[in-house]
Amino acid sequence: MKDLLVLSLFHAFSVENITFSVLYTFIPQLSWENQSIPSPHIFFPTAKHPLPKMQNPRWVFKLLLILSLFHAFSGGAAAGADDDDQTHQTNPICYEGDRAALLGFKNRILEDTTESLSSWTGKDCCNGGWEGVECNPSTGRVIGLTLQRPGDRDRDSGAHMKGTLSSSLGDLHFLEVLVISGMKHITGSIPQTLSNLTLLKQLVLEDNSLGGTIPSGLGHLTLLKAISLAGNKLKGQIPESFGNFGLVLQLNLARNFLTGPIPPTLKNLHSLQYLDLSSNLFSGTVPDFVGQFHNLTFLDLSHNQFSGQIPISISNLSNLLDISLSNNKLTGRIPDQIGTLKSLTTLSLSNNLLTGQIPESISRLQNLWQLNLSRNGFSDPLPAGFTKGLPLPSLLSIDLSYNDFDFGTVPNWIRGRVLADVNLAGCKLRGTLPVFSRPDSLTSIDLSDNYFTDGISDFFRNMSNLQKANLSHNQLKSDISKLSLPEGLSLLDLHSNQLYGSLYKVLNNTTGFLETIDVSWNRISGRIPEFSEGLSLKSLNIAANRIAGHIPDSISNLIELEKLDISRNQITGTIPTGLGLLLKVQWLDISINGITGKIPKTLLGIEGLRHASFRANRLCGEIPQGRPFNIFPAVAYAHNLCLCGKPLPACRGKKKKQ
């Protein structure tokens, strides 16, 4: 009986993969009849090696105790291993209700060129394979849905989703982040069911095509820290329930069609750091309670219909970095207290109805690098602080254009400092063009609509970083063929001056950076030069000059061209068939010249053409019969020799056939 018991115990050890040598170590009382028995890991009795006889009967109890401990240990370890295997194999899969809600969203998307939703297959939406879906690894509940257009930096990308937002999104009750942005063609309204997402902390539905009004139920999402509905087609007013967003740090409703005043309940947004309501149809006054947002760093109310005065309370926003109130109907003066905004880096009040003098306190804004006060009614004199020492030491960009200033000459405190952008259009500047002490720092300069005279041949000398130059609407007299341009220049506007000479050097010395040239309404003569390959020109306007000769065939090299205006010159010859290779052209004007021949049918390849004028030439023959040429107004073809066909009367031969 004892032998059977020992054998069964040994067998139990064997099953649990515990070696007999370990057992032997822990039971010294166990002795053997035959001392020549080897020390096997697992002992099986044989005739040569029978079961041992026990010298101490208490060994059984010790053995049972040790075996029970080993069994508990090994059993627990095995159970733990089983649990690990089970965890590895069955991590909490996505909750079925959440999966159904996601598939409900997918079913309402009729087209997905981002290919994000093509990964939404299988039963487990939490295995990492469903693009944009994030789950809680402990519960298997969906906590994040982030779908953004691939390559979001490229806003011209064709990637998009087409469809509507499903109400099933409101069934993702554990959702903390919902971002569906940049999809362009998601239409319809914002589902009311989103108000069920009471754990939501971030809601971003920007740059789609959502319409209708903003659901007031969103005000139930009291844990929100960021909400952006910018770049849609939303109408109506901001819901008063938005006043419940006591934790919101960022509120962005820009680029919609929202109306009405800013609701007074928004005064409860004490945590607000970023507020953008720009490019809407908001009206009323800028509320005084804006000054209570002590954490605010960014405020943009531009491109609306706000009226009244700038509230003095804005001076309480000591953390404010950027403020833009431009393109509204604000009146009165700039509050002198604005100089207390010591952190301010950008101040834009352009295109309002502001009057009076610029307050002295602005000159004490040590961190201000961009100042735009253009298109108002500000008047002389400039504050004394602008002329003493170095006002606005951080300033890099200034725009005082189109006010009631009569500067005469460019102020020394502008000419004598390092600036990137100088915009002084319509400031009644006279005499010769200014000389800047640091021309190499300039990237953009606008001195248009003034009374500058004399030449411009040396003006761009040493402006090695200049990218945009506008000297239009002055009285500049110079030979344009002697003009040297900076290599990195992308825009050159010299229209409405008294420039003369040939275009050869300007158009042949251009680098691949130059995109816009406007030298219209001058006295330029000569011919249109040949165009080399590799040019980046998008807009070429040489209208209203004295240019003769023909249109060169090499114009077909301007494959990036979007606007071509050679009207009001003395150009002859025919229209090159290669003009039809300029597939990006949207504006074409060759009117009031002496051009002969037919309008080439190759121009039908320019499908995006929106404006064309061939009037007052010597053209003959049938107008290309295809869109858009046969739907342009008849005036676009008037005063030629014998043009016919829609929109003009039918050609004679075709009349007989009909």
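# A guided tour, from a small sheet to the outer loops

Begin by selecting strands S9, S11 and S13, which form an open sheet of 3 strands in the order S9-S11-S13, with parallel pairing. Keep in mind throughout that this is a predicted model. The edges of this sheet are strand S9 (235-236) and strand S13 (281-282), each of which pairs on one side only. In general, the strands of a sheet pair through backbone hydrogen bonds, and they may do so in parallel or antiparallel fashion. To see one such pairing here, show S9 together with strand S11 (residues 257-260): the two run parallel and are joined by 2 bridges. If you then click on Lys-235, you can look across to Phe-257, its bridge partner in S11.

Next, turn to the nonpolar core. Which residues have the most contacts inside the largest nonpolar core? Select Phe-242, Leu-251, Ile-362, Leu-424, Phe-614 and Tyr-637, for these are the ones with the most contacts within that core, which has 158 residues. Several helices and strands each supply at least two residues of this core, among them helix H4 (96-107), strand S3 (142-148), helix H5 (412-415) and helix H6 (504-508). Now keep Leu-251 selected and display what surrounds it: leaving aside its neighbours within four places in sequence, Leu-251 is in contact with Ile-227, Phe-242, Leu-266, Leu-269, Leu-272, Tyr-274, Leu-275 and Asp-276.

Move from there to Leu-172, which you will find in the loop between strand S4 (161-164) and strand S5 (177-181). Is Leu-172 buried or exposed? Leu-172 counts as buried because its relative accessibility is 0%, and buried here means under 20%. Apart from neighbours within four places in sequence, the contacts of Leu-172 are Asp-98, Ala-101, Leu-102, Val-142 and Leu-197. One of these deserves a distance label: Leu-102 is 70 residues away from Leu-172 along the chain, while the C-alpha atoms of the two are separated by 8.2 Å.

A second loop residue to select is Asn-522, which lies between strand S30 (516-518) and strand S31 (523-525). Asn-522 is also a buried residue, with a relative accessible area of 8%. When its neighbours within four places in sequence are left aside, Asn-522 is in contact with Leu-494, His-495, Ser-496, Asn-497, Gln-498, Leu-499, Ala-544 and Asn-545.

The last stops concern the backbone. Most residues other than glycine have a negative phi, and most peptide bonds are trans. With that in mind, select Asn-351, in the loop between strand S18 (346-348) and strand S19 (353-356), where phi is near 55°, a positive value in a residue other than glycine. Asn-351 counts as partly exposed, at 34% relative accessibility. Then go to Arg-375, placed in the loop between strand S20 (370-372) and strand S21 (377-378). Its phi, too, is positive, near 55°, and Arg-375 is partly exposed, with a relative accessible area of 45%.

Finish with two proline residues. What is the form of the peptide bond from Arg-627 to Pro-628? That bond is cis, with omega near 0°, and Pro-628 sits in the loop between strand S39 (618-622) and strand S40 (642-644). Continue along the chain to Lys-646 and Pro-647, where the peptide bond is cis with omega near 10°; Pro-647 belongs to the loop between S40 and helix H7 (652-657).

Terms used:
Residues are numbered from 1 along each chain as its sequence is written. This is a predicted model: local features need pLDDT of at least 70, side-chain atom pairs count only at pLDDT 80 or more; totals for chains, interfaces and linings use all residues. Side-chain values use heavy atoms; hydrogens and water are left out. Helices (H or I, at least four residues) and strands (E, at least two) are DSSP runs, numbered from the N terminus. Buried means under 20% relative accessible area, exposed over 50%, partly exposed in between (1.4 Å probe, protein chains only). Contact means heavy atoms within 4.5 Å. A nonpolar core is a set of buried Ala, Val, Leu, Ile, Met, Phe, Trp, Tyr and Cys residues joined through side-chain atoms within 4.5 Å. Two strands pair if DSSP finds at least two bridges between them.
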